[in-house]
Amino acid sequence: PAIGPLTGRHVLVTSGPTHEPIDPVRYIANRSSGAQGTAIAAALRDLGARVSFVTGPAEIPPPAGVEVIRVQTAREMREAVEAALPADAAVMAAAVADWRVANAQDHKIKKDGIGSAPVLEFSENPDILAWIGRLREGRPRLVVGFAAETDDVLAHASAKLQRKRADWIVANDVSPATGIMGGTENAVTLITADGAEAWPRMPKDEVARKLAARIAEALGQPPQE
Ligand code: C5P
């Protein structure tokens, strides 16, 4: 493993979408390639961190040299996150489905031949970031969330920082015109208690490296052997 400013630190990263089953062959999900979360895990690893990478079914493979925990649903993701604690920092980059299908079926839903369609009912999924941000015991020292917004990016992201008790929010504008969704570049604003810092548009790998360096700085000197 790499030796660096995060040697001796354990960092948890969530990434990718979650899949919420409708029946054994169908699901609902958010759009997410997993690219930014994967790049962040790799960057943290490169700075020496031990990384637990909790990932939903992403399009791209997880990085080498991290502990990969694969999950499907939001509830499984929350449980995997809890099982991976304690951690010095947590970066919640997953695009978790806000709702799951409450009336999911154990058998494939069949067409009834007379043109009627099933009705899906939803119930709310756990908010993993809000859960970890509010932990009374064993909360990671640094909790970082993401906010993918299409409008009023700063206002919505700042509200998220408060509501979810995150230390930082990495906000990005994912309105279709930006081409960020599914692309290789990202333009983010880092929101902390001290204010907002807009980073220039850069490759997702570079956003990841910059964020990992900031995390190392925030955690300070690694524990001595
Ligand atoms: O509320 P919204 O989904 O926009 O918040 C995004 C942030 O919250 C991301 O960091 C995402 O990983 C996290 N989140 C979560 N669990 C959810 C929903 C969002 O951890 N159920």
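In this predicted model, D127 sits in the loop that runs between β8 (122–124) and α3. Is D127 buried, exposed or partly exposed? It counts as partly exposed, because D127 has 18 C-beta neighbours inside 10 Å, and a residue needs 20 or more to be buried.

D127 also turns up in the UniProt record, an unreviewed entry, which places the feature "binding site" at D98, K108, P126, D127, I128, L129, F146, K160 and K164. These positions cover 67 residues of sequence and are spread out in space too, with up to 37.6 Å between C-alpha atoms.

F146, another position on that list, belongs to strand β9. With 24 other C-beta atoms within 10 Å, F146 is buried. Leaving aside residues up to four places away in sequence, F146 touches M92, A93, I169 and V170.

Turning to the ligand, 15 residues surround it, and the closest are M92, V96, I128, L129 and G145. Two elements, α3 (128–133) and β9 (142–149), each give two or more residues to this shell. β9 provides the largest share, three residues. As for character, the shell splits into nine nonpolar, three polar and three charged residues.

Stepping back to the whole protein chain, there are five helices and 14 strands. The C-alpha atoms fill a box of roughly 70 × 40 × 35 Å along the principal axes. The radius of gyration is 18 Å, which agrees with the value near 17 Å for a compact globule with 225 residues. Buried residues account for 39% of the 225. Among contacts between residues at least 6 apart in sequence, 64% link residues at least 24 apart.

How values were computed. Residues are numbered from 1 along each chain as its sequence is written. This is a predicted model: local features need pLDDT of at least 70, side-chain atom pairs count only at pLDDT 80 or more; totals for chains, interfaces and linings use all residues. A residue is near a molecule or strand if its C-beta atom, placed from the backbone, lies within 6 Å of it. Helices (H or I, at least four residues) and strands (E, at least two) are DSSP runs, numbered from the N terminus. Ala, Val, Leu, Ile, Met, Phe, Trp, Tyr, Cys and Pro count as nonpolar, Asp, Glu, Lys and Arg as charged, and the others, Gly among them, as polar. The radius of gyration is taken over C-alpha atoms; the globule rule is 2.2 Å times the number of residues to the power 0.38. A residue is buried if 20 or more other C-beta atoms lie within 10 Å of its own, exposed if 12 or fewer, and partly exposed in between; C-beta atoms are placed from the backbone. Two residues are in contact if their C-beta atoms, placed from the backbone, lie within 7 Å. UniProt positions are given in the numbering used here, feature names are shortened, and annotations may be inferred rather than shown by experiment.
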